[in-house]
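Dear colleague,

Please find below the structure I am handing over to you. My notes on what was found in it follow directly after.

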Amino acid sequence: MRINKKIEILDSTLREGEQTPGVSFTKSQKIEIVKMLDDFGVDFIELGHPAVSKDIYSTIKLLNSEPLTSEKIVHARLKKSDIDDAVNLGVPWIGLFFGTSKDYLHDKYNLDEKNALEMIKESIEYAKRNGLKIRFTAEDASRTDIDFLIKIGKLAEKAGADRFSLADTVGILYPAKVSELVSALISELKIPLHMHCHNDFGLATANALQALQSGVKCVDVTINGLGERCGLPPLAEVTAALDELFKIDHSWDLKKLKLMSSYIDKITKTDNKYTRPITGKYSFSHKAGLHVNAMLKNQSSYQSMSPKKLARRHRIIIDKYTGRKAIQYRLKHLKIEYDDQLIDNIVLEIKRNPIITNWTDKKIMQLAEKFISAKIESAKSSVL
């Protein structure tokens, strides 16, 4: 067993957890969650992705003012604007992510490997020049060619990344494959490794623990295992197992686990049967704008298996995490004629109302009709 002497936990309840269908935290709830996580003793708290909405940006700004022992980190694409957000907010850590599998390069970014590597290098160097500590995540690492993944890891390390993270984005790994993947990277890199596991086959906790046994320093978790589709490893399962089964030295206050879990149950009202792997209501649901955009190009982008195999279908959830492509898709489905202005207006209105966690067809039709009517009235006025 190659387990690190100092295991670290990154909690992503405020970012990945809020991507659970039906979940949207208020600012006061996020402050409470952050304080609970800090009191418990997690090493990192992912505050969110600032670029998603003004609501999330302003909340991160508020959370960053909280005096915490835990390290603060924000999620970011390889975009200068995302990196600038982290700099302007004053958050010390940035979690840069980029899809590295062939399908992602082709379908999501329309890039070849050479251009992808250059983009990764430039973004890391830019973030480093601006004084940020960097965790670079290879999204869809579990479906990435291992030689290319090693090349990315070495490049990220040389460019200045402080950590390198492996994401099992669609939850297809199992413990033996986790060991194989981690061992291949850990022998090539000097910087610490992180692991981000999804629970599509119910293996997230087992995979996270195996990653730690294989030499990973930090794993991502959420309270109650919240997250896209079937979520991430639950904070309680991972930390209690490390304490009781692996006898890891730590400073976590395990007595606070039940309180945190109950609080999240109370404010989210999320039923575990909805996030159950394979058969759960949300197991093939997608709401993050980037996810949906990729899904519309290639349905396997964020799915571990075809839902048709199970007589099911994927669902697109519209809320503050949505993007233009999701709205365009929904308007087409509703047979509503649209232009860029209508899409922009609808997206903006949705992001202005973060408390609404599922914009139904009826609500979207009402929004579209409101903006179309306003445009017609404006045109009439200009003629008069």
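Ala76 of strand 3 stands opposite Leu96 in strand 4. Strand 3 and strand 4 (residues 93–99) are joined by 4 bridges and pair in the parallel sense. Between these two strands the chain passes through helix 3 (residues 80–89), and this β-α-β crossover is right-handed. Please note that the model is a predicted one.

Strand 3 also pairs with strand 2. This strand 2 (residues 44–48) runs parallel to strand 3, with 4 bridges between them. One bridge pairs Phe44 with Glu71 in strand 3. Here the chain crosses from strand 2 to strand 3 by way of helix 2 (residues 54–64), again in a right-handed β-α-β crossover. As for exposure, strand 3 (residues 71–76) is mostly covered, with 5 of its 6 residues buried.

These pairings belong to a wider arrangement: 8 strands close into a barrel, with parallel pairing, in the order 1-2-3-4-5-6-7-8. From one strand to the next, the twist averages 25°.

Further along the barrel, strand 5 (residues 133–139) and strand 6 (residues 163–168) run parallel and are joined by 4 bridges. Phe136 is found opposite Phe164 in strand 6. Helix 6 (residues 146–159) packs on the sheet and touches both strand 5 and strand 6, its direction making about 150° with that of strand 6. Helix 7 (residues 175–186), in turn, lies across strand 6 and strand 7 (193–197), and runs at about 155° to strand 7.

With kind regards

Methods. Residues numbered from 1 in each chain as written. Predicted model: local features only at pLDDT ≥ 70, side-chain atom pairs only at ≥ 80, totals over all residues. Heavy atoms only, no water. Pairing = 2+ DSSP bridges. Axes fitted to C-alpha atoms, helices over the stretch in contact; angles between N-to-C directions. Contact = heavy atoms within 4.5 Å. Buried < 20%, exposed > 50% of the residue type's maximum accessible area, 1.4 Å probe, protein only. Right-handed = clockwise from strand over helix to strand, strands pointing away.
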